[in-house]
Amino acid sequence: MTTATQSPQTSEKVDLWLRMYRQMLAIRLFETQVNELYTRALMPGLAHLYIGEEAVAVGICETLNRNDYITSTHRGHGHCLAKGASPDRMFAELLGKETGYCKGKGGSMHIADPATGNLGANAIVCGSAGIATGAAFSSQRLGTGQVAVCFFGEGALGQGVLYEVMNLAQLFKLPVIYVCENNLYTEYTHYSETTAGDILTRATAFGLEAAAVDGQDVRAVHSIAQKLVARARKGDGPAFLLCNTYRYHGHHVGDINREYYRSKQEEQTWKTERDPILNLRKFLLEQKLADDATLEAWNDELETEMKTAMEFAIAAPYPNIDKVEQDVYA
Amino acid sequence: MPDTADRELTFAQAIREALAEEMRRDATVCIMGEDVAEAGTPFKVLSGLVEEFGKDRVLDTPISEAGFTGLAVGAAMTGLRPVVDIMFGDFITLTMDQMVNQAAKVHYMSGGKWKVPMVMRTTLGATRRSAAQHSQSLHAWFCHVPGLKVVMPSTPFDAKGLLKSAIRDENPVVFFEDKMMYKLKGSVPAEEYTIPLGVADVKRVGEDITLVATSSMVQVALGAAALLAEIGISAEVVDPRTMWPLDEKTLIESVKKTSRAIVLDEGYERYGVTAELASVIAAGAFYNLDAPVKRMGAMHVPIPFSPPLEDVTVPTDQTVFEAARTLCGRA
């Protein structure tokens, strides 16, 4: 896809952008199928879609090694996929099937996978801040060089434990990055109604390296994340990254009528003007780094992959009920 | 047996020795909590450990129970074996999300892929004139949660052997120490030993009534048993030692033999440990019981400060003696 005249470094960058484009698209198409599953009443429970926020997970996870750690949230499908999870086992978990990542015991909000360093998605807002910090603590004490990334939404800014662990992380100089995805809405309430003062200074008050980035620009997210991760990895301590982003869907798939908390026009503006995938696509085409046909082909390819993965999950067996008491204790 | 078999240690020394031995044995074991290093905790249970193991393994933390407990959960998932120190059992309230929603559930929610081999050491027990926020016995809260194990030693010997097992366990274990018991002395062999979790211990053999007692209440039960012996009632004292896993068999067998039982625990009676143990006995020894199982625990009040008020809130040798005598029809 790259031309012969480009320098190797540039070619490396182009490969990265294309890889990130494909990964963002994969997440979006996965989530589209999740919505489909819900609409078709095939999914038990609910799901919290990540559509619109793909650049954050992808830009950050692209800077991580496979054995680096992440913790995720109730809106976690994007993080898990970006860290390397397979769509088929993800879908299976969402449907409560035996072949799911957690044998069906976790579901949408609890996908965990040691093979990709995923310590688990967490359904308590800010619930994994301690876990991520502890993983960074292990990495430091055992000298493994791993970095831990703690993803959370801006709603977690209201939880005291976040400030406790940021204090601990800075005292111990731990290799952990706290990634705040500000998608503007704490469930059904605009964050400005729940968040006093300034966000970044909450982190700088503890001495953390702190930065804000346009969370719709995957290249920008990747670039700043790379610096913060490298810094953490070489022992310079924790960081806080505020990613300004937007949740296209409701708080969960059932949150359809949203006009009492935000306008359709606002949603439309983000979708048309600030979409991370459309904007990267536009950039790639303008710069002639990709051609329309290839990107379209990827779209079809991934769509098929997601459908196949979903069908695998639908056909997969439920766990036998004799498994209900298994795994309570190790 | 060598002479050291007769060695006596205090409860606090036994705890410290268990930690030191496990830290020497396994470099991934570390201690974290408030004033655990040079201060060795307000109860001086950990004195000397930082000198041997350094501040990298005996870590003073800020006063952030939720924060450092959460950190311990993550550390346990990723290769360490943290032993968290929660100074007063009353402060477990601050750690509840980390213990109940995180530590207890990680293994199950991940389909058995992640595990959390950590220990939380904390205290229980009233009558130290510490008032309502430093005197509670809240162990029942953790007993209620699948995924957690709960250990309640009553002697220096048990404390050492059980703590070593707790540290080696692959699950989150909450270890309750009666703060009034730290100076209690008892025989602790110098040789290496562990006590498996889930095995009760008959602390005194008897025929007429079973006193099932936990932690601080074991000494009370033994005191009551001595008083009962004076009037010709032979009491058996059974200490479950761990609330979960629970050795139901030993409890039931004892009551089948004696046909009467009192269950003693310093937590609140209502919806508490005594209710659970009484239910186990009632179901398991129903046809052998000559009287309903009696429960004795803390009164259903916040622990008061004033000494005469505080003293009536928990069972004593005398109140247990009287209850047992009545239950045996000798009132």
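Q: How far apart are the end C-alpha atoms of helix 6 of chain A, and what span should its 13 residues have?
A: Bear in mind that this is a predicted model. Helix 6 of chain A runs over residues 160-172. At 1.5 Å a residue, its 13 residues should span 18 Å, so the figure from the model agrees: the end C-alpha atoms are 19 Å apart.

Q: What covers the buried residues of helix 6 of chain A?
A: The buried residues of this helix include A:Val161, A:Leu162, A:Glu164 and A:Phe172. From chain A, the cover includes helix 5 (129-142), strand 4 (176-182) and helix 7 (200-204). Chain B also takes part, and the element it brings is helix 3.

Q: Which element of chain B gives the most to the side that touches chain A?
A: The contact takes 35 residues from chain B and 33 residues from chain A. On the chain B side, the elements giving two or more residues are helix 3 (65-77) and helix 4 (96-109). With 11 residues, the one that gives the most is helix 3 of chain B.

Q: Is helix 3 of chain B largely enclosed or exposed, and how many of its residues are buried?
A: Start with its geometry: 13 residues at 1.5 Å each should span 18 Å, and the end C-alpha atoms are 18 Å apart, which agrees. As for burial, the rest of the structure largely encloses this helix, because the buried count is 13 of the 13 residues.

Q: Which residue with a positive phi follows helix 3 of chain B?
A: Let's take the two helix ends in turn. Just after helix 6 of chain A, A:Lys173 has a positive phi of about 55°. After helix 3 of chain B, phi is positive too, near 120°, and the residue is B:Gly79.

Q: How many nonpolar residues are on the side of domain 1 of chain B that touches domain 2 of chain B?
A: The domain assignment splits chain B into domain 1 (9-187) and domain 2 (201-327). Their contact takes 26 residues from domain 1 and 24 residues from domain 2. Sorting the domain 1 side by class gives four charged, seven polar and, for the nonpolar residues, 15.

Q: What ipTM does the predictor give the complex?
A: For chain B, pLDDT averages 96, and 98% of the residues score at least 70. For the complex, the predictor gives a pTM of 0.96 and an ipTM of 0.95.

Technical notes
Residues numbered from 1 in each chain as written. Chains lettered and ligands numbered in written order. Predicted model: local features only at pLDDT ≥ 70, side-chain atom pairs only at ≥ 80, totals over all residues. Contact = placed C-beta atoms within 7 Å. Helix = DSSP H or I, 4+ residues; strand = E, 2+ residues; numbered from the N terminus. Expected span 1.5 Å × (residues − 1). Buried ≥ 20, exposed ≤ 12 C-beta atoms within 10 Å, placed from the backbone. pLDDT = per-residue confidence, 0-100. Domains from an automatic or database assignment. Nonpolar A, V, L, I, M, F, W, Y, C, P; charged D, E, K, R; others polar.
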